[in-house]
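Student: I would like a close look at a single part of this model. Please take one strand pairing as the starting point and work outward from there.

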Amino acid sequence: MIEILSPSEVARARDTGALVGEILQALRRRATVGTNLLQIDRWAQAMILDAGAQSCYVDYAPSFGRGPFGHYVCTAVNDAVLHGLPHDYALRDGDLLTLDLAVSLRGIAADSAISFVVGGSPAAADVALIEATERALAAGIAAARPGARIGDLSHAIGTVLTGAGYPVNTEFGGHGIGSTMHQDPHVANTGRPGRGYPLRPGLLLALEPWVMADTDRLVTDADGWTLRSATGCRTAHSEHTIAITDDGAEILTLPR
């Protein structure tokens, strides 16, 4: 399903997106050396419920996961990149942590992810990996305007990632979003310009460039959810939900 939101629904999406952005930044500030991933999940739960919002993850049970996700935020560490299931692990200095959060507020969902290094001395390779996903996200957003096609966004994202020297996996990528978290169209992280669905005002998209340092192959963890790099290399993931407007793209998942 491809959903086009009304102006009033886009206004509600701004509230949801701001909430997602604010929760992620609060979690980032709290996630220090020694913080347990399960504590991060409890913090996310409290902030979501205090805001009167609903988690998009707790009851989420797609075909690629093992039963309901059962937690409020994805916590992916080091070689984990997507769908990181929170578990009993205390963060260490130098860990590369990705937090991915989707919530629904007043019937509209928003989805965002950030990657950062825990502690005070991030490795240069980790910084480069994270910055590549952030640049790719910015390029995809810049390409998003009425009349552009999904392939234009995919091409812009992929050009940055491959230009930085990283392989690109196309199994998982960005997606439409609105009254539910995952909708059509799929937005691959590489593609051909001029192809795919044409963008229209009112369309919401979650763009999410993610990479693994030296492979494009994923393996599924024993927990049935967490996706890791097949080689054990480091990973990074950046994501924003955007709204297509008459003038281009509006980023919804920034803190106010």
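Tutor: Leu 205 has Ile 242 of β13 as its bridge partner. This is a predicted model, so read every value here as computed from it. Leu 205 belongs to the pairing of β8 with β13: β8 covers residues 204-207, and four bridges join the two strands in the antiparallel sense.

Now look at Ile 242 again. Ile 242 also has a bridge partner in β14, namely Ile 251. β13 spans residues 240-245 and runs antiparallel to β14, with four bridges between them. Further along, Thr 245 of β13 is matched with Gly 248 in β14. The link from β13 to β14 is a hairpin of two residues.

How many residues of β13 are buried? Five of its six are, so the strand is mostly covered; buried here means under 20% relative accessible area. As a general point, side chains in a regular strand alternate between the two faces of the sheet.

Step back to the whole sheet. It is open, has five strands and follows the order β7-β6-β8-β13-β14, with antiparallel pairing. β7 and β14 stand at the edges with a single partner strand each, so one side of each has no neighbour in the sheet. On average, neighbouring strands here are turned by 30° against each other, direction ignored.

Two strands of this sheet lead to the largest pocket. β6 (174-176) and β7 (183-187) each give at least two residues to its lining. The space in this pocket is about 340 Å³. Its lining has 22 residues, and those nearest the centre are Phe 64, His 83, Phe 172, His 182 and Glu 208. By class, the lining holds ten nonpolar, eight polar and four charged residues.

The second largest pocket brings us back to β13. His 240, which falls in the range 240-245 of β13, is among the residues nearest the centre of this pocket. Ala 113, Ile 114, Glu 134 and Leu 137 are also among those nearest the centre, within a lining of 18 residues. The space here is about 220 Å³. α1 (7-30), β5 (108-117) and α3 (124-142) each supply at least two lining residues. Eight residues of this lining are nonpolar, seven are polar and three are charged.

Two of those elements, α1 and α3, also take part in salt bridges. Side chains of opposite charge can pair when their charged atoms come close. The whole structure has six salt bridges. Start with Asp 15, which meets Arg 106 at 3.0 Å, N to O. Asp 15 sits in helix α1 and Arg 106 in the loop between β4 (96-105) and β5, so this pair ties together parts 91 residues apart in sequence.

Asp 15 also forms a salt bridge with Arg 256, at 2.8 Å, N to O. This pair links distant parts of the chain, 241 residues apart: helix α1 holds Asp 15, and the segment after β14 (248-251) holds Arg 256. Asp 15 is partly exposed, with a relative accessible area of 26%. Arg 256 counts as exposed, at 67% relative accessibility.

In α3, the residue to find is Asp 126. Its salt bridge with Arg 234 has the closest N and O atoms 2.7 Å apart. Asp 126 lies in helix α3 and Arg 234 in the loop between β11 (227-229) and β12 (235-237), so the pair ties together parts 108 residues apart in sequence. Asp 126 is buried, at 6% relative accessibility. Arg 234 is partly exposed, at 25% relative accessible area. Shared partners also join Asp 15, Arg 106 and Arg 256 into one salt-bridge network.

β11 leads on to another sheet. This one is open, has three strands in the order β3-β11-β10, and pairs them antiparallel. β3 (80-82) and β10 (218-220) are its edge strands, each with a single partner, so one side of each is left without a neighbour in the sheet. Neighbouring strands are turned by 45° against each other on average, direction ignored. Two bridges pair β3 with β11 in the antiparallel sense. Ala 80 stands opposite Arg 228 of β11.

Methods. Residues are numbered from 1 along each chain as its sequence is written. This is a predicted model: local features need pLDDT of at least 70, side-chain atom pairs count only at pLDDT 80 or more; totals for chains, interfaces and linings use all residues. Side-chain values use heavy atoms; hydrogens and water are left out. On a 1 Å grid over the protein atoms alone, a cavity is a set of points where a 1.4 Å probe fits but cannot get out, and a pocket is an open set with protein on both sides within 12 Å along at least five of seven lines; lining residues have an atom within 4 Å of a point. Grid points are joined across faces, edges and corners, and a volume is the space filled by probe spheres set on the points. Ala, Val, Leu, Ile, Met, Phe, Trp, Tyr, Cys and Pro count as nonpolar, Asp, Glu, Lys and Arg as charged, and the others, Gly among them, as polar. A salt bridge is a side-chain nitrogen of Lys or Arg within 4 Å of a carboxyl oxygen of Asp or Glu. Buried means under 20% relative accessible area, exposed over 50%, partly exposed in between (1.4 Å probe, protein chains only). Two strands pair if DSSP finds at least two bridges between them. Axes are lines fitted to C-alpha atoms, for helices over the stretch in contact, and angles run from 0 to 180 degrees between N-to-C directions.
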